[in-house]
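Colleague: Hey, got a minute to walk me through this one? I'd like to start with the empty space inside.

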Amino acid sequence: MSARAQIGVTGLAVMGRNLARNFARNGFTVAVHNRSYARTESLVAEHGDEGDFVPSESLEDFVASLERPRKVVVMVKAGAPTDAVIDELVPLLEEGDIVVDAGNAHFPDTIRREKALAAHGLHFVGTGVSGGEEGALNGPSIMPGGTAESYESLGPILEKISAHVDGVPCCTHVGPDGAGHFVKMVHNGIEYADMQLIAEAYDLLRQGLGASAAEIGDIFAEWNRGDLASFLVEITAEVLRHQDAATGQAFVDVVLDQAEQKGTGRWTVQNGLDLGVPITGIAEATFARSLSGSVPQREAAANLPGHTAGWEVKDRDAFVEDVRQALYASKVVAYSQGFDQIAAASAEYGWNIDRGAMARIWRGGCIIRAGFLNRITEAYERAEDLPLLIADEYFADAVSAGLASWRRVVAGAAQAGIPTPAFSSSLAYYDAVRAPRLPAALVQAQRDFFGAHTYRRTDRDGTFHTDWSGDRTEAEA
Ligand code: 6PG
């Protein structure tokens with residue numbers, strides 16, 4: 001077996017298969033391997049004419065077919081299956097070789113695996129890949145972590161197969177060890193928020209206008225030509241215009257209203273709590289999925305009164321514009337929070353992540369790709385250490401222009417009894433983060449009252465406790 005493949009892929013389910021084809025179509029010689037050889041054979045039989053594939057039946061032959069330093073992309077299920085493949089691979093590899101985990105791994109696992117492989121002189125590159133099956137084949141957004149050294153030889157290959165926007169690849173070195181998978185996790189958290197916000201906008205339009213799903217689809221198609229232009233808005237228009245073949249009804253009306261998840265959104269929220277970053281939009285979106293699946297609770301609540309005032313939309317165009325503005329502003333909040341989380345993690349784990357570069361590699365290929373990511377990159381170019389994205393001049397102006405609309409929509413939804421958890425919590429976040437003074441002062445006082453948890457004062461330094469059960473004198477703690 002001559003070592004002639006530039007990169008290898010093991011695990012040839014749809015994502016692995018499409019990534020392998022993408023490498024081959026871009027002129028790389030690709031070693032391919034799968035636990036059951038039939039899948040490897042079918043890949044070569046069906047797509048062998050797309051490029052240069054080197055199939056192997058055994059993992060030993062697969063490794064032997066790779067040029068040094070070897071680059072092995074592992075594309076198997078996250079968790080135990082990934083560990084099992086890594087354990088088999090390690091004894092076959094040599095110093096300087098690179099193992100790439102391109103699945104949706106949880107970043108603490110990636111940190112652990114990177115350490116373990118480094119002890120063997122191997123590079124472990126946890127890599128976020130977004131764009132689904134289609135992206136894997138035609139150009140995904142790629143978020144590799146790991147050492148800068150590994151990126152020198154691996155980076156150019158990944159950049160070549162990634163999506164490109166304005167000639168710029170949607171792939172860059174994110175940072176050491178778990179940084180790539182972390183950023184992919186936050187990408188998915190933002191994806192959850194974006195999807196929930198779109199769903200709330202749809203619900204408002206449907207209930208407020210009494211329009212058909214297809215008519216709302218037309219509104220989304222129109223929105224996709226402006227500031228909201230994005231993959232998710234585009235597919236929303238298509239989904240809403242789709243008719244169910246079996247019943248002739250709007251497709252969206254025959255889908256069970258219980259949203260599921262594989263867990264990346266949950267990880268994002270858990271990490272937000274760990275780091276103390278208020279990613280409220282992402283959390284509401286994640287909980288909205290949980291609530292939709294809370295069947296016994298929903299059944300028990302089905303007859304609870306709403307006492308709603310109803311929503312009488314007098315000016316259709318003005319209402320549609322209000323919802324559009326509310327969607328845009330809430331979306332800015334979700335991204336602002338996600339980028340805060342990346343900054344906090346970067347500081348906590350020593351990753352030195354360039355947030356502007358993250359927005360740049362999300363412009364194409366990935367699920368949250370959107371025109372407005374250019375504006376985010378520009379904001380971080382203006383101020384690398386920007387403490388809050390919504391305080392950047394461009395976004396502050398954009399949100400301010402839509403603020404009255406946003407308030408009308410959230411207030412109207414509350415009056416009409418239409419649940420808008422992500423719209424409402426995003427507006428609450430906006431009002432809280434800009435407030436000169438918060439009732440957190442009272443919370444601190446309560447904590448001191450019942451638990452002597454102490455407080456700080458506005459007028460002088462130090463930590464204090466008041467003797468609440470005694471004479472209420474204050475002492476420095
Ligand atoms: C992507 C997607 C991808 C997958 C999500 C779906 O970036 O290509 O995010 O990773 O579609 O994991 O997540 P849920 O099943 O949790 O909705």
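Modeller: Sure. The lining of the largest cavity is made by Leu19, Phe23, Val73, Val100, Ala102, Thr127, Val129, Ile142, Leu158 and Ile161. Keep in mind that this is a predicted model.

Colleague: Which elements give two or more residues to that lining?

Modeller: Those are α1 (14–25), β6 (123–130) and α7 (148–161).

Colleague: And how many of the lining residues of the largest cavity are nonpolar, polar or charged?

Modeller: By class you get 9 nonpolar residues, 1 polar one and no charged ones.

Colleague: How much space lies in the largest cavity?

Modeller: About 50 Å³. If you count cavities of 30 Å³ or more, you end up with 1.

Colleague: How do people find empty space like that anyway?

Modeller: You roll a probe the size of a water molecule over the atoms, and that shows where empty space is left.

Colleague: OK, pockets now. What's the volume of the second largest pocket?

Modeller: That pocket comes to about 260 Å³. Its lining includes Arg437, Arg456 and Arg457, along with Leu438 and Tyr455. By class, the lining of this pocket has 5 nonpolar, 2 polar and 3 charged residues.

Colleague: Let's switch to the ligand. Which residues come nearest?

Modeller: There are 14 residues around the ligand, and Ser130, Glu191, Tyr192, Lys262 and Arg289 come nearest. In the shell as a whole, 2 residues are nonpolar, 8 are polar and 4 are charged.

Colleague: Which helix gives the most to that shell?

Modeller: Helix α8 (residues 179–209), with 5 residues.

Colleague: What about polar atoms, how far is Tyr192 from the ligand?

Modeller: A polar side-chain atom of Tyr192 is 2.4 Å from an oxygen atom of the ligand. Lys184 also has a side-chain N or O atom 2.9 Å from a ligand oxygen. With Gly131 it's a backbone N or O atom, lying 2.9 Å from an oxygen atom of the ligand.

Colleague: How much of the ligand's accessible area does the protein cover?

Modeller: The protein covers 80% of the 410 Å² that the ligand has on its own.

Colleague: Last topic, the whole chain. How many helices and strands are there?

Modeller: The protein chain has 20 helices and 11 strands. Its C-alpha trace spans about 80 × 70 × 45 Å along the principal axes.

Colleague: And how does the radius of gyration fit with a compact globule?

Modeller: It agrees, because a compact globule of 477 residues would have a radius of gyration near 23 Å, and the protein chain has 25 Å.

Notes:
Residues numbered from 1 in each chain as written. Heavy atoms only, no water. Near = heavy atom within 4 Å. Polar contact = N/O pair within 3.5 Å; in protein donor to acceptor, adjacent residues only side chain to side chain. Areas by Shrake-Rupley, 256 points an atom, 1.4 Å probe, with all protein chains shown as cover. Helix = DSSP H or I, 4+ residues; strand = E, 2+ residues; numbered from the N terminus. Nonpolar A, V, L, I, M, F, W, Y, C, P; charged D, E, K, R; others polar. 1 Å grid on protein atoms, 1.4 Å probe; cavity = no way out; pocket = protein on both sides within 12 Å on 5 of 7 lines; lining within 4 Å. Points joined across faces, edges and corners; volume = space filled by probe spheres on them. Rg over C-alpha atoms; globule rule 2.2 N^0.38 Å.
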